[in-house]
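Here's a quick briefing on how the helices in this one pack together, plus a few backbone and loop spots to check while you have the model open.

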Amino acid sequence: MSQLHAAQFARLKTCFAKLSELPQERREEALAALREDAEVIAELRRMLAKTTIADERFAAPVRQAYAELHADHPGSGATIGAWTLQDEIGSGGMGRVFRARRSDGHFDQLAAIKLLSGTPSAPALRLMARERQILANLNHPNIARLLDGGSTANGQPYFVMEYVDGMPIDQYVQQRRLTQGQRINLIIEVCAAVAFAHQQLVIHCDLKPSNILVTSQGRPMLLDFGISRQLAAAGQVEEGATQETANPAASRNPAEALITTPAYTPGFASPEQVQAQRVGTATDLYSLGLVLAELLGARNDRSGLSVDLAAILDKATEQEPRHQGGTIVPFQDGRLLL
C-alpha cells in the first residue's frame, strides 16, 4: 500500500466518490484525465478494482479499502481509543500530532495526540516509550501533561497530551508588544519548568520558541520531549556510543552527562549537540540563553541591554564548557539567575 499523507488521502476520497459512480468502461478515461500524482492514481486503481457498480456488491469493498487506509494512516475523523482526531497541528521525524476531542461520551475535552508515523521500528518504539515515561513523571504547571497512551489497532503507539491553545513565545511577545521586563518574566517561568525537569533528571535537548507556547492568559507551556534525555552518572555510556563521543571531558557538565542523539534544531542547539558529544543540564541552559536573546532582540548585539543582562546571556551561551554554568536558579530576589 502506498504511503499517502493527509492531503493525498483527502483527494483520494473525493476522486473515488466520483469515479465509483461511473460505468466500468468510463473509469479508465476519467482516470487518465485526472491531474493527480502517481501515488493517488495507483491507490484509486487499487480501490476501484475491488468494487463494482452493482449496489449489492459496492459497499463491502469500499469499506475494506477505506479501513485499510484508515488503519495505516489515521487522520482527521479517525477514532483512537476514547479520542477522535480533528486536524493535524504538527509533525516531525518521529510522528504527527493531532488536535483531538474526547468522544466516549463521558465528558468533553480537547487533547493533543502524538502518533508514531510509518511502520514502528525498534529504536522508534524505544524513543516513544521513553518520551511517554518522561512525560508521566513531569507534573508541573508549565509543562504539558500526559493524559493517556496506547496503540492503534494497526500497532502504532500513541500518547495523549494536554492540549495547549497558545502561540510560540517569540510570536507572542511580538504580537503583545511586551516590554523587556515582561519578556524576562516569561523566561523566568520557563526556567522554572526546565529546572523542575532537571530535578527529575531529564534534559529537554530541544528548547526553542516553537516548543514554548504561551496561552491567552500569558502562561508559557513547555512542549515536545521527543529527543529529551535522562541524566546518567559520569562515565556511563549508552549502547552505540563511539569512543570519541564517550569522552566525559568533552561535556559541559561531565558530572551529569550522556551521549546526545543526532537530532537537534539548528540555531538553538548547543555546541555539544552539534558535535555529537555528551549533553548535560548546561545543554538546556545554552538553548535557554539563545531563546532569551531571541526574545530581547540580542542574538548578535547586546548593546541595548544592561550590563547584568548582557552578562547573563554571555554566560549562558559561552562556547567553552569550563566557562559556562550548569545550573538554573530561576528566582532570587525577583531576579533571573543562570
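Helices here are DSSP runs of H or I at least four residues long, strands are E runs of at least two, and both are numbered from the N terminus. Counted that way, the protein has 10 helices and 15 strands. Keep in mind that this is a predicted model.

**The overall picture**

- Of the 338 residues in the protein, 46% count as buried.
- Take the contacts between residues at least 6 apart in sequence: 56% of them join residues at least 24 apart.

**Helix α7 on its own**

- Helix α7 covers residues 180–199, and its end C-alpha atoms sit 28 Å apart. At 1.5 Å a residue, its 20 residues should span 28 Å, so the two values agree.
- Is α7 enclosed by the rest of the structure or not enclosed? Largely enclosed, because 14 of its 20 residues are buried.
- Just before α7 comes the loop from α6 (169–175), and that loop holds Arg177. Arg177 has a positive phi of about 50 degrees, although it isn't a glycine. Arg177 is also exposed, with a relative accessible area of 73%.
- After α7 comes Leu201, and its phi is positive too, near 65 degrees.

**α7 against α9**

- A pair of packed helices is described by the angle between the axes and the distance between them.
- For α7 and α9, the angle is about 165 degrees and the axes are 11 Å apart. Angles over 145 degrees count as roughly antiparallel, so α7 and α9 are roughly antiparallel to each other.
- The crossing of α7 and α9 is right-handed.
- On the α7 side, the contact uses Gln180, Arg183, Ile184, Ile187, Val190, Cys191, Val194 and His198. Their partners in α9 are Thr281, Asp284, Leu288, Val291, Leu292, Leu295 and Leu296.
- By class, the residues of this α7–α9 contact split into 10 nonpolar, 3 polar and 2 charged.
- If you're wondering about the spacing along each helix: an α-helix has 3.6 residues a turn, so residues three or four places apart point the same way.

**α9 against α10**

- Helix α9 (residues 281–296) also packs on helix α10 (residues 307–316), with axes that come within 8 Å and cross at roughly 140 degrees. That makes α9 oblique to α10.
- This crossing of α9 and α10 is left-handed.
- Which residues meet here? From α9, they are Leu285, Tyr286, Gly289, Leu292, Ala293 and Leu296, and from α10, Leu309, Leu313 and Ala316.
- The α9–α10 contact has 8 nonpolar residues, 1 polar and no charged ones.
- Leu292 and Leu296 of α9 are worth clicking on, since they turn up in the contact with α7 and also in the contact with α10.

**α2 against α3**

- Towards the N terminus, helix α2 (residues 24–33) and helix α3 (residues 38–49) have axes that come within 11 Å and cross at roughly 165 degrees. That makes α2 roughly antiparallel to α3.
- The way α2 passes α3 is a right-handed crossing.
- Arg27, Glu28 and Leu31 of α2 make the contact with Ile41, Leu44, Arg45 and Leu48 of α3.
- In class terms, the α2–α3 contact has 4 nonpolar residues, no polar ones and 3 charged.

**Single residues to look up**

- Gly77 is in the loop between α4 (55–72) and β1 (79–80). Gly77 is partly exposed, at 48% relative accessible area. Gly77 and Ala100 are 23 residues apart in sequence, with their C-alpha atoms 9.2 Å apart in space.
- Asp224 sits in the loop between β10 (220–222) and β11 (229–230). Asp224 has a positive phi, near 60 degrees, without being a glycine. Its relative accessibility is 32%, so Asp224 counts as partly exposed.
- Gln273 lies in helix α8 (residues 271–274). Is Gln273 buried or exposed? Gln273 is buried, with a relative accessible area of 2%. The C-alpha atoms of Gln273 and Cys205 are separated by 8.3 Å, with the two residues 68 apart along the chain.

Methods. Residues are numbered from 1 along each chain as its sequence is written. This is a predicted model: local features need pLDDT of at least 70, side-chain atom pairs count only at pLDDT 80 or more; totals for chains, interfaces and linings use all residues. Side-chain values use heavy atoms; hydrogens and water are left out. Axes are lines fitted to C-alpha atoms, for helices over the stretch in contact, and angles run from 0 to 180 degrees between N-to-C directions. Angles under 35 degrees count as roughly parallel, over 145 as roughly antiparallel, 65 to 115 as roughly perpendicular and the rest as oblique. A crossing is left-handed if the near helix is turned anticlockwise from the far one by less than a right angle, and right-handed if clockwise. Contact means heavy atoms within 4.5 Å. Ala, Val, Leu, Ile, Met, Phe, Trp, Tyr, Cys and Pro count as nonpolar, Asp, Glu, Lys and Arg as charged, and the others, Gly among them, as polar. The expected span of a helix is 1.5 Å times one less than its number of residues. Buried means under 20% relative accessible area, exposed over 50%, partly exposed in between (1.4 Å probe, protein chains only).
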